Amino acid sequence: MFYMLLNDLDERSAFIASMREADIMTPFHYASLHTAEAGKKYGRFVGSMTHTNQLSDRLVRLPVYFNVKNDQDRIISCALKILSQS
């Protein structure tokens, strides 16, 4: 699996929207464990989760599917173009 860390939630949202316009899905489904239902119910943590929350807001996963290598050049080119415009 390949992922990217963007600067903040706004940049991640804009990146995902731009990739979607190019028919490339880049999900962000990695929520911090302490924010998940099971984490809230069973988890314990001490201190601030500031860094964890910030990283979760910045993380975007690049596409993974059978034969993604056939599309990898297009995915990379599109991502680089979007990032160069921000």
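Student: Is Met19 buried or exposed, and what is its relative accessible area?

Tutor: Good place to start! Met19 has a relative accessible area of 0%, so this residue is buried. The cut-off to remember is that a residue is called buried when that value is under 20%. Keep in mind that this is a predicted model.

Student: Which element does Met19 lie in, and which residues is Met19 in contact with beyond its neighbours within four places in sequence?

Tutor: Met19 lies in helix H1. Setting aside neighbours within four places in sequence, Met19 is in contact with Ile24, Thr26, Ile75, Cys78, Ala79 and Ile82. Now look at Cys78: with its own neighbours within four places left out, Cys78 is in contact with Met19, Ala22 and Ile24.

Student: Which residues form the largest nonpolar core?

Tutor: There are twelve: Met4, Leu6, Phe15, Ile16, Met19, Ile24, Val60, Leu62, Ile75, Cys78, Ala79 and Ile82. Two elements, helix H1 (9-21) and helix H4 (72-85), each give two or more residues to this core. H4 gives the most, with four residues.

Student: How do I read the order of elements from the N terminus on?

Tutor: Follow the chain and note each helix as α and each strand as β. Here the elements run β-α-α-α-β-α, which comes to four helices and two strands. You can also ask how contacts link distant parts of the chain. Among contacts between residues at least 6 apart in sequence, 74% join residues at least 24 apart.

Student: What about empty space: how is the largest pocket lined?

Tutor: The general idea is that rolling a probe the size of a water molecule over the atoms shows where empty space is left. In this protein, the largest pocket has a volume of about 180 Å³. Its lining is made of Met1, Phe2, Leu62, Pro63, Val64, Val68, Gln72, Ile75 and Ile76. By class, that lining has eight nonpolar residues, one polar residue and no charged ones. Two names may look familiar, Leu62 and Ile75, which also belong to the largest nonpolar core.

Student: What radius of gyration does the protein have, and what would a compact globule of 86 residues have?

Tutor: The protein has 15 Å, whereas a compact globule of 86 residues would have a value near 12 Å. For the overall dimensions, turn to the C-alpha trace, which spans about 45 × 30 × 15 Å along its principal axes.

Student: And what percentage of the 86 residues is buried?

Tutor: Buried residues make up 26% of them, and Met19, where we began, is buried too.

Note on methods:
Residues are numbered from 1 along each chain as its sequence is written. This is a predicted model: local features need pLDDT of at least 70, side-chain atom pairs count only at pLDDT 80 or more; totals for chains, interfaces and linings use all residues. Side-chain values use heavy atoms; hydrogens and water are left out. A nonpolar core is a set of buried Ala, Val, Leu, Ile, Met, Phe, Trp, Tyr and Cys residues joined through side-chain atoms within 4.5 Å. Buried means under 20% relative accessible area, exposed over 50%, partly exposed in between (1.4 Å probe, protein chains only). Contact means heavy atoms within 4.5 Å. On a 1 Å grid over the protein atoms alone, a cavity is a set of points where a 1.4 Å probe fits but cannot get out, and a pocket is an open set with protein on both sides within 12 Å along at least five of seven lines; lining residues have an atom within 4 Å of a point. Grid points are joined across faces, edges and corners, and a volume is the space filled by probe spheres set on the points. Ala, Val, Leu, Ile, Met, Phe, Trp, Tyr, Cys and Pro count as nonpolar, Asp, Glu, Lys and Arg as charged, and the others, Gly among them, as polar. The radius of gyration is taken over C-alpha atoms; the globule rule is 2.2 Å times the number of residues to the power 0.38.
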